[in-house]
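This report covers aromatic contacts, helix packing and unusual backbone geometry in one protein model. The sequence and structure are shown below.

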Amino acid sequence: MHVFGLIGNPVGHSLSPPMHEAAYRELDMDARYVTFEPDDAAAALEGAKALGIDGLNVTIPFKQDILDLVDPDDLAARIGAVNTVDFSTSPPRGYNTDAAGVRRAFDHHDVVLTGNDAVVVGAGGAGRAVAFTLAEACDTVHIANRTASRAAELAAEVRENAPATVTGGGLDTLADRVPAADVLVNATSVGMEEDQTPVSADLLHGELAVLDAVYTPVETRLLRDAARMGATTIDGGWMLLFQGAVAFEHWTGRDAPVEAMNDALRQRL
């Protein structure tokens, strides 16, 4: 039996187990997906290797800690976080599939990123993955964050190795940037706990493609506002789905059964 899993703290709320278990059933794989809540990332990694676990997903608060314990690919190293570990090599290989999840979520909705102007709201962990991803395809990427200096620092990191023009500023810069943008991503938690939006509705327009990384609720206020303006809307469940699908593909070398995984995920959202 192949064993895959998730480490983080807490992980009781995670939707990864039903999603991955659905993939194993669909492909008739002798595999299980388990969760762990360790106190220490290094000990957890050593324990996983000793138990013969094939692959791990990694979530808060260990994404940065794991980076120094594995061989990260180039993108994970630049983002500064690992969320997927593959034990088939020594040392284990580390990936950040959040980035691929963003790309595939846009691809699934027929949104072409190449040549577009993008705005990312948030400069935290999710914002980093989104910004690095968009900077590989878009012409421009602007990062807006509550703390402007943090957005500027992230922008400086991203543009070191990116073809895009990357800038950063405070949330007040959204008023100028969003009306001219083609792509908008909310990479903050705004909209999760309360019916709020990080972007004023009057800035949105019908030519936008809007991805909200928040997936509970599935339909956030930002997405409702964007839909009313005729924008293409992509809920956070798609990013969650595709980051999991890419992790599955790293571990197994097989195409992920995306439809089965999505059905299982949507039943829980």
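Phe4, Tyr24, Phe248 and Trp251 are linked into a cluster by ring pairs. Rings of Phe, Tyr and Trp (its six-membered ring) pair if their centres lie within 6.5 Å; planes under 30 degrees apart count as stacked, over 60 as edge-to-face and the rest as tilted. The structure holds 4 aromatic pairs. In one of them, Phe4 and Trp251 are stacked, at 5.0 Å centre to centre and with 15 degrees between the planes. Phe4 belongs to strand β1 (residues 2–7) and Trp251 to helix α10 (residues 236–252), so this pair ties together parts that are 247 residues apart in sequence. Helices (H or I, at least four residues) and strands (E, at least two) are DSSP runs, numbered from the N terminus.

The model is predicted: local features need pLDDT of at least 70, side-chain atom pairs count only at pLDDT 80 or more, and totals for chains, interfaces and linings use all residues. Residues are numbered from 1 along each chain as its sequence is written, and side-chain values use heavy atoms, with hydrogens and water left out.

Both partners of the stacked pair are buried: Phe4 has a relative accessible area of 2%, and Trp251 has a relative accessibility of 11%. Buried means under 20% relative accessible area, exposed over 50%, and partly exposed in between (1.4 Å probe, protein chains only).

Helix α10 also holds Gln243. Gln243 is buried, at a relative accessible area of 8%. Apart from neighbours within four places in sequence, Gln243 contacts Met19, Asn83, Thr97, Asp98 and Gly101, where contact means heavy atoms within 4.5 Å.

How is the packing of two helices described? The angle between their axes and the distance between the axes are used. For α10 and helix α11 (residues 258–268), the axes come within 10 Å and cross at roughly 135 degrees. Axes are lines fitted to C-alpha atoms, for helices over the stretch in contact, and angles run from 0 to 180 degrees between N-to-C directions. The two helices α10 and α11 are therefore oblique to each other; angles under 35 degrees count as roughly parallel, over 145 as roughly antiparallel, 65 to 115 as roughly perpendicular and the rest as oblique. The crossing of α10 and α11 is right-handed. A crossing is left-handed if the near helix is turned anticlockwise from the far one by less than a right angle, and right-handed if clockwise.

On the α10 side, the residues that meet α11 include Trp238, Leu241 and Phe242, and those of α11 include Met261, Leu265 and Arg266. The charged end of Arg266 sits over the ring of Trp238, 4.6 Å from its centre. The criterion is that NZ of Lys or CZ of Arg is within 6 Å of the ring centre and within 35 degrees of the ring normal.

Most residues other than glycine have a negative phi, and most peptide bonds are trans. Two cis peptide bonds precede prolines: Ser90 to Pro91, with omega near 0 degrees, and Thr216 to Pro217, with omega about 10 degrees. Pro91 is in the loop between β5 (84–86) and β6 (93–95), and Pro217 is in the loop between β11 (209–212) and α9 (221–228). The table gives two residues with positive phi.

| Residue | Phi | Loop | Relative accessibility |
|---|---|---|---|
| Asp28 | near 55 degrees | between α1 (16–26) and β2 (31–36) | 71%, exposed |
| Asp110 | near 60 degrees | between α5 (97–108) and β7 (117–121) | 69%, exposed |
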